[in-house]
Amino acid sequence: MRTTTRTTTGRAVAVLAGVAAAALALTGCSAGGTSSGNGGDDVSGSITLQTWALTPTYTDYLNGVVKAFEKKYPDAKVKLVDQPGDGYADKVLSQASSNSLPDVINLPPDIALPLAKRGFLQDVAKDDSKLSSTYVKGALAAYNYKGVEGTFGYPWYLNTDIDYWNKTMFTKCGLDPANPPKTTDELFTQAETMHQKCPDDYLMSRKPGLSDFSLAGVKIINDKGTKFTFADSSKAADLISKYAAAYKDGLMPSSVLNTDYLGNSTLFTQGKVAWTTGGATAITDFEKNNPSLKGNIVVSPALDNPPLYVQGLSVSAKSKHLATAEALASFMTNAKNQEAFAHLVNIFPSTTSSQSDPFFSKDDGTVEGKARVLANDALKTAKNLNPVEANSAMTDFLDQQIALAMKGGVSPEKALQTAQTKMNTLLANG
């Protein structure tokens, strides 16, 4: 199953453009039609539900939800199809281009974006007036796109990050494990303290990216979603300069800028750095891979503003049984079904009422329990910090330019402008 994803969606707009135009011309439909114009409100007929890498592990759960739906709507039938994890985005794009998109499709926001832009997905807000009162604000907003009117998915399941700190390293290096950093600014301050006390130990072990620009108040992309604008803000260059100075002063491992960098999660697990981020259950893996960390980890909320990772269910605008497809997407993402799923998997429901479920909201006195409560609380304000328009090719290029600036090869301003120009070219060319 996928709780996060970065995929190449820019090219999809060009791939789908001609197909969508032809399909709309032939059917006489407009993009994002309403259920009343596509089969009425009668919940009946046979539809297909496509999930992403959920079987065979969760086959029983999925079949149970389908069976319950069919019991509620006896005239409706659902065929469950699960696609493997690898190549899923390409599979979905191929289905759309051949007009064989399933009625209900498991899509993260970035894969849904090009489909929504070209009229392949239903604007579910047109037919469901309870969306805003049912789902977590940030999760629903993930399916609202710049330059496209509508909401193109029911949020299904969520995740976010919290911070993990090494208690022993904090104590040894003059820091208080009961008061870890709450903001990026405090992170730099405490990283310097650690370096002064323990020159061979590190608190920080990562370079900045688009999400850090968001947290710094930088406007990353324009309101229409057609042009990246982060290089126009002095705040972005200031942030890179701050990281570059920290790198030069030895506040982070030199390997951070290398191509063979292991990542801060791995370095944290190895006990080489004192901080990492991770999901609410990451502590289990940390302790499993390094038993010496057991009882030695402190958890706290993510710095500044928590990130949001979303999976959802979108509805094909071309479904022959649109009312049935929308009813299934709504049914699968209701509080009861989401909570049952989240009790099986290390995820969180997207329904606001589920946040009071004791399973997610009650601290049982363990670090694991506290981590789960922190993550659950974080979802109230969590948001997607990386714009869905930024695909992996774009962020990889930006990452290279940031590394170059941190090494002193170019100025932060030059690195950002070079990255922005390249990313805008990629965005324009699709």
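# Close-up views of a predicted model

**View 1. Two tryptophans sit inside this predicted model.** Trp165 is buried, and Trp275 is buried too. Their rings form a stacked aromatic pair. The centres are 5.8 Å apart, with 20° between the planes. Trp165 belongs to strand β5 (residues 162–166), and Trp275 to strand β6 (residues 275–278). The pair therefore ties together parts that lie 110 residues apart in sequence.

**View 2. Phe69 and Tyr73 make a tilted ring pair.** The count of aromatic pairs comes to 19. In the pair shown here, the ring centres are 5.0 Å apart. The planes meet at 50°, so the pair is tilted. Is Phe69 buried or exposed? Phe69 has 0% relative accessibility, so this residue counts as buried. Tyr73 is partly exposed, with a relative accessible area of 23%.

**View 3. Five aromatic residues form a cluster.** The members are Tyr58, Tyr61, Trp156, Tyr157 and Phe341. Ring pairs link them.

**View 4. Two lysines place their charged ends over rings.** The charged end of Lys318 sits over the ring of Phe120. The distance to the ring centre is 4.9 Å. The charged end of Lys422 sits over the ring of Phe397, 5.9 Å from its centre.

**View 5. A disulfide joins Cys173 to Cys198.** How many disulfides does a search of the whole structure find? The search finds one. Its two sulfur atoms are 2.2 Å apart. The angle about the S-S bond is -110°, and the link is left-handed. Cys173 lies in the loop between α7 (167–172) and α8 (184–197). Cys198 lies in the loop between α8 and α9 (210–215). The two cysteines are 25 residues apart, and the pair links distant parts of the chain. Cys173 counts as buried, at 0% relative accessibility. Cys198 is buried as well, with a relative accessible area of 9%.

**View 6. The largest pocket holds about 1300 Å³ of space.** This pocket is lined by 46 residues. Asp161, Arg206, Ser211, Tyr309 and Asn386 are the closest to its centre. Several elements give two or more residues to the lining, among them α4 (109–117), α11 (264–269) and β8 (309–315). Which element gives the largest share? Six residues come from α17, the largest share of this lining. By class, the lining has 21 nonpolar, 15 polar and 10 charged residues.

**View 7. The second largest pocket holds about 550 Å³ of space.** Its lining has 23 residues. Those nearest the centre are Ala141, Lys146, Asn384, Asn386 and Pro387. Helix α6 (residues 137–141) gives three residues, the largest share of the lining. The lining divides into 10 nonpolar, six polar and seven charged residues.

**View 8. Pro387 lies in a loop, with Tyr145 shown alongside.** The loop of Pro387 runs between α16 (367–378) and α17. Pro387 is buried, with a relative accessible area of 14%. Pro387 and Tyr145 are 242 residues apart along the chain. Their C-alpha atoms are separated by 9.5 Å.

**View 9. Asn429 is an exposed helix residue.** Asn429 lies in helix α18 (residues 412–429). Its relative accessibility is 59%, so Asn429 counts as exposed. What separates the C-alpha atoms of Asn429 and Lys235? The distance is 28 Å, for residues 194 apart along the chain.

**View 10. A cis peptide bond joins Thr55 and Pro56.** Most peptide bonds are trans. For the bond between Thr55 and Pro56, omega is about 5°. Pro56 has its place in the loop between β1 (45–52) and α2 (59–72).

**View 11. Asn99 and Asp304 have positive phi values.** Most residues other than glycine have a negative phi. Phi of Asn99 is near 55°. Asn99 is in the loop between α3 (88–97) and β3 (104–107). At 47% relative accessibility, Asn99 counts as partly exposed. Phi of Asp304 is near 65°. Asp304 is in the loop between β7 (297–301) and β8. Asp304 is partly exposed, with a relative accessible area of 36%.

Definitions and conventions. Residues are numbered from 1 along each chain as its sequence is written. This is a predicted model: local features need pLDDT of at least 70, side-chain atom pairs count only at pLDDT 80 or more; totals for chains, interfaces and linings use all residues. Side-chain values use heavy atoms; hydrogens and water are left out. Rings of Phe, Tyr and Trp (its six-membered ring) pair if their centres lie within 6.5 Å; planes under 30 degrees apart count as stacked, over 60 as edge-to-face and the rest as tilted. Buried means under 20% relative accessible area, exposed over 50%, partly exposed in between (1.4 Å probe, protein chains only). Helices (H or I, at least four residues) and strands (E, at least two) are DSSP runs, numbered from the N terminus. A charge sits over a ring if NZ of Lys or CZ of Arg is within 6 Å of the ring centre and within 35 degrees of the ring normal. A disulfide is a pair of cysteine sulfur atoms within 2.5 Å. On a 1 Å grid over the protein atoms alone, a cavity is a set of points where a 1.4 Å probe fits but cannot get out, and a pocket is an open set with protein on both sides within 12 Å along at least five of seven lines; lining residues have an atom within 4 Å of a point. Grid points are joined across faces, edges and corners, and a volume is the space filled by probe spheres set on the points. Ala, Val, Leu, Ile, Met, Phe, Trp, Tyr, Cys and Pro count as nonpolar, Asp, Glu, Lys and Arg as charged, and the others, Gly among them, as polar.
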